[in-house]
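Let's take a walk through this one, beginning at the ligand and working outward. Keep the viewer open as you read.

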Amino acid sequence: MKGFDTNLRLQASSLSPEFSNGFLPKRQGSVNNLKLRNCHSRSFSPTMLKLFSSTGSRAHHLTPAIRVGSRSVDSPLFKALSQLTGLNRRSTSLGHRAFFCSEPTDAASDSEAAAEAEAKAAESDSDGSDSKSSSAIVPTNPRPEDCLTVLALPVPHRPLFPGFYMPIYVKDPKVLAALQESRRRQAPYAGAFLLKDDPAADSSSSTDIEKNINELKGQNLLDRLHEVGTLAQISSIQGDQVILVGHRRLRITEMVSEEPLTVKVDHIKDKPFDMDDDVIKATSFEVISTLRDVLKTSSLWRDHVQTYTQHIGDFTYPRLADFGAAICGANRHQAQEVLEELDIHKRLRLTLELMKKEMEISKIQETIAKAIEEKISGEQRRYLLNEQLKAIKKELGVETDDKSALSAKFKERIEPNKEKIPPHVLQVIEEELTKLQLLEASSSEFNVTRNYLDWLTILPWGNYSDENFDVVRAQQILDEDHFGLSDVKERILEFIAVGRLRGTSQGKIICLSGPPGVGKTSIGRSIARALNRKFFRFSVGGLADVAEIKGHRRTYVGAMPGKMVQCLKNVGTANPLVLIDEIDKLGRGHAGDPASALLELLDPEQNANFLDHYLDVTIDLSKVLFVCTANVIDMIPNPLLDRMEVISIAGYITDEKVHIARDYLEKTARGDCGIKPEQVDVSDAALLSLIENYCREAGVRNLQKQIEKIYRKIALKLVREGVVPEEPAVASDPEEAEIVTKLDVESPENHVDEPKEETQTEKIAVEKVMIDESNLSDYVGKPVFHAEKIYEPTPVGVVMGLAWTSMGGSTLYIETTVVEEGEGKGGLNITGQLGDVMKESAQIAHTVARKIMLEKEPENQFFANSKLHLHVPAGATPKDGPSAGCTMITSLLSLAMKKPVKEDLAMTGEVTLTGRILPIGGVKEKTIAARRSQVKTIIFPEANRRDFEELAENVKEGLDVHFVDDYGKIFELAFGYDKQQD
Ligand code: ADP
């Protein structure tokens with residue numbers, strides 16, 4: 001199947017592939033562009049077909065060939081041919097005799113008769129001139145069968161089959177001249193013989209073969225020619241191109257002359273065969289059906305050969321065999337074999353083989369075509385779907401911007417403050433922008449890059465809010481928001497003052513510590529307001545994941561930057577005030593320590609180059625002001641605490657709470673409930689009772705809740721009574737005291753005359769809702785706190801101590817009693833949910849008390865012989881700490897001496913084994929708690945004197961406070977009263 005290739009076929013498809021072997025019929029057309037150079041490279045070259053499609057004289061040229069050696073007038077092939085070529089516009093009889101010129105023997109008589117008739121017709125034609133013969137009718141003399149000596153023309157690629165056309169190129173001028181001469185002599189015949197392969201050359205490319213032909217001469221040429229060839233009519237000569245029409249089979253017998261090669265030939269005829277032979281019939285049917293199949297599968301041949309297939313059954317067997325062999329893509333050797341085969345059955349078989357091969361090739365071609373088509377259509381489909389998807393997304397607003405729009409957006413973002421962006425960040429942004437362009441929009445990495453760029457470009461690089469260093473204004477703002485807290489406020493003012501002198505403010509860490517509800521968070525907010533900084537709060541309570549602070553690496557799905565970067569994005573400035581809440585409740589991370597991450601964030605030494613894992617570029621947090629809040633300082637990791645400036649807010653005493661309630665909480669609650677000041681009157685006694693009996697804790701959050709509760713109830717009451725404001729209440733407008741009511745007609749004294757009374761509506765000033773101690777419980781329920789004092793006065797063995805909790809200070813009793821007495825029974829039982837430290841201090845107290853007893857009353861064997869029990873109520877509350885040491889000793893001694901301690905006495909202080917008193921914490925809270933329990937005398941360790949003296953006057957007021965460094969003094973204070981009395 002050499003030389004058969006799909007491409008060539010594809011080219012030919014625009015023409016008529018079935019004729020591509022030079023088969024005569026051709027559609028009528030007007031292709032004037034005669035590119036004949038290539039046509040010999042392949043026997044079924046399309047250009048050859050073009051030649052035949054050309055109109056005018058060319059068509060006439062062909063006609064003689066058609067007429068020579070004609071046969072049956074009703075050859076179906078001819079009918080079809082004439083349809084296609086338009087030859088039927090000439091006389092049908094002319095056309096009828098046109099096609100297969102090489103006739104089998106059995107048809108010879110027919111053809112001869114026809115030829116004679118034709119000859120007569122030609123003779124009757126008056127004009128026999130050259131011009132006429134060349135353009136219209138070639139005289140039938142000499143007849144082809146008379147040609148016994150012919151020019152031998154080598155054909156390079158395929159043998160010429162009877163009935164088919166073939167163009168050849170004759171380079172040899174002598175041969176060309178001889179051909180022209182023979183045409184002139186009106187014997188336009190030559191022998192076309194297929195060239196054998198060159199035994200010397202291994203290459204058989206078409207150009208090589210062509211070259212060989214031109215070089216071969218005489219005997220050499222003869223040796224290279226197949227013996228069996230075809231008598232060919234010289235149809236036309238155009239330059240060096242000669243068009244041959246095959247007629248009948250020839251066999252070279254001998255050489256006549258060398259230049260040009262002229263040979264003697266025998267006209268060989270097919271072997272006689274039986275037309276009714278079943279095998280021949282069957283074979284020919286198979287050829288036909290195969291031909292049909294090929295035509296069916298091969299889209300190239302289909303359309304054009306249809307006409308022939310309709311009539312294929314009418315072919316004679318030899319012709320059918322020639323037709324099949326000529327049109328299929330068999331190689332030259334196989335084709336030559338068919339040509340040489342004179343046994344019709346064998347010839348049909350050979351043709352059938354070729355056809356079957358052809359069919360296989362057709363099938364392969366089809367699958368190849370299908371596969372390629374599928375691939376192309378698959379790709380096209382994909383493209384189309386993608387385009388549709390894009391359009392849909394755009395429509396839905398899911399993806400409004402493509403890559404370039406995205407980069408434009410990012411560039412636009414950074415453009416205004418490009419100079420402020422640090423160079424290393426700018427570089428990363430540029431790199432990412434380039435990367436974005438290279439990535440497939442649907443890939444996951446594209447999204448990662450897009451999000452990353454989004455974060456990088458949205459951060460407020462170098463964008464600072466103008467700070468306000470006005471100390472007076474700041475003081476005003478702080479006072480507006482909070483009562484008291486003078487030390488906190490003072491510290492803030494210092495900070496502002498430094499900022500003013502330096503011109504810039506520096507990031508610092510302030511830690512506000514204190515019980516809940518004392519205003520730590522809200523003062524943070526006020527500081528931000530005073531400094532004109534943006535405020536951002538995040539709570540680190542229970543935070544265990546370092547990534548919350550440092551961000552995730554971008555490789556994780558759903559990676560996010562840390563809180564600090566989120567904060568900068570949120571606030572839009574690089575110098576916000578960041579409130580880190582509950583820093584003492586920081587969790588312990590299983591992977592990484594959040595405290596260390598916070599340290600990196602907060603430490604002024606490190607945070608100028610804070611590295612967030614997601615952002616992957618350092619950011620400068622040195623201008624950020626950090627404020628942390630904590631309930632208990634001890635719980636803050638030490639390295640963090642080290643870098644903080646702790647300001648503790650101890651909690652408020654009743655007095656302060658009253659102020660806060662009156663000046664801040666009530667106002668906000670009233671405003672929130674839409675109640676005017678004139679409508680309500682909460683008496684001082686009620687407020688005091690509320691604070692004393694409902695809200696004893698250190699902070700004011702609960703107080704705030706209770707006040708809100710009161711005001712909500714008042715609002716409901718007012719609405720229930722039908723008091724509807726004339727227009728939506730505008731708080732604190734005194735003119736709006738008039739309330740419209742339809743009900744209150746019984747208070748004529750309140751009646752205000754309206755000039756025009758169109759309705760029954762009357763405006764009256766409703767009586768104020770009064771809240772007093774007596775009706776307070778209607779609003780806030782029964783008091784939750786009962787007096788902390790459970791003894792009045794304290795019995796023997798009971799002493800009041802002072803404790804500190806994260807909720808503030810409180811008083812507690814230490815009770816001791818004797819379990820049993822007896823020689824050597826001395827011992828101590830301890831209960832009351834005490835921690836290890838407190839248990840130890842009870843043991844110490846026992847020892848110290850025994851020692852003191854020994855000194856004071858050497859004969860007293862109480863401790864040696866008594867089994868004692870020490871208890872600290874309330875039993876459900878866990879307690880710990882060493883500060884109850886002195887209280888325990890006093891309690892034990894009181895029991896030993898059977899003498900109660902002085903009335904309204906409370907004490908606190910750690911005791912050593914030798915009886916020295918060590919300092920304690922929470923002086924303010926403890927003092928406040930003592931006042932609440934109506935304690936009059938307090939004993940503090942000497943070392944805490946300064947703490948106490950720093951307390952506000954109103955806290956210290958009216959208290960008898962003693963500072964001691966040795967237990968002896970406490971003994972004096974607690975039991976000395978007796979002596980005086982005595
Ligand atoms: P914390 O953070 O210490 O738990 P908050 O800051 O949340 O407490 O304060 C609770 C409420 O108490 C806030 O509404 C706050 O305004 C109010 N508050 C606390 N202290 C004061 C104060 N000194 N003056 C006015 N209001 C206060």
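Start with Gln704: an N or O atom in its side chain sits 3.1 Å from an oxygen atom of the ligand. Bear in mind that what you're looking at is a predicted model. As for how well wrapped the ligand is, the protein covers 87% of the 560 Å² of accessible area that the ligand has on its own.

Two more polar contacts are worth clicking on. Thr521 puts a polar side-chain atom 2.5 Å from an oxygen atom of the ligand. With Ser522 the backbone does the job instead: one of its polar backbone atoms is 2.9 Å from a ligand oxygen atom.

Now zoom out a little to the whole shell. There are 18 residues around the ligand, and the ones that come nearest are Phe483, Gly517, Lys520, Thr521 and Arg701. What's the chemical make-up of the shell? Its residues split into nine nonpolar, six polar and three charged.

And where does this all sit? The ligand takes up the space of the second largest pocket. Three elements each give two or more residues to the shell: helix 21 (520-531), helix 26 (654-673) and helix 28 (701-720). Of the contributors, helix 21 gives the most, with three residues.

Moving on to salt bridges, the structure holds 32 of them. One to pull up is the pair Arg491 and Glu645, whose closest N and O atoms are 2.1 Å apart. Arg491 belongs to helix 20 (residues 486-502) and Glu645 to strand 13 (residues 645-648), so this salt bridge ties together parts that are 154 residues apart in sequence.

Finally, a couple of backbone details for anyone who likes to check torsions. Leu485 has a positive phi of about 50°, although it isn't a glycine. You'll find Leu485 in the loop between helix 19 (471-481) and helix 20.

The other one to look at is a peptide bond. Going from Glu259 to Pro260, the bond is cis, with omega near -15°. Pro260 also sits in a loop, the one between strand 5 (241-257) and strand 6 (262-267).

Technical notes:
Residues numbered from 1 in each chain as written. Predicted model: local features only at pLDDT ≥ 70, side-chain atom pairs only at ≥ 80, totals over all residues. Heavy atoms only, no water. Near = heavy atom within 4 Å. Polar contact = N/O pair within 3.5 Å; in protein donor to acceptor, adjacent residues only side chain to side chain. Areas by Shrake-Rupley, 256 points an atom, 1.4 Å probe, with all protein chains shown as cover. 1 Å grid on protein atoms, 1.4 Å probe; cavity = no way out; pocket = protein on both sides within 12 Å on 5 of 7 lines; lining within 4 Å. Sits in = over half its atoms within 2 Å of the grid points. Helix = DSSP H or I, 4+ residues; strand = E, 2+ residues; numbered from the N terminus. Nonpolar A, V, L, I, M, F, W, Y, C, P; charged D, E, K, R; others polar. Salt bridge = Lys/Arg side-chain N within 4 Å of Asp/Glu carboxyl O.
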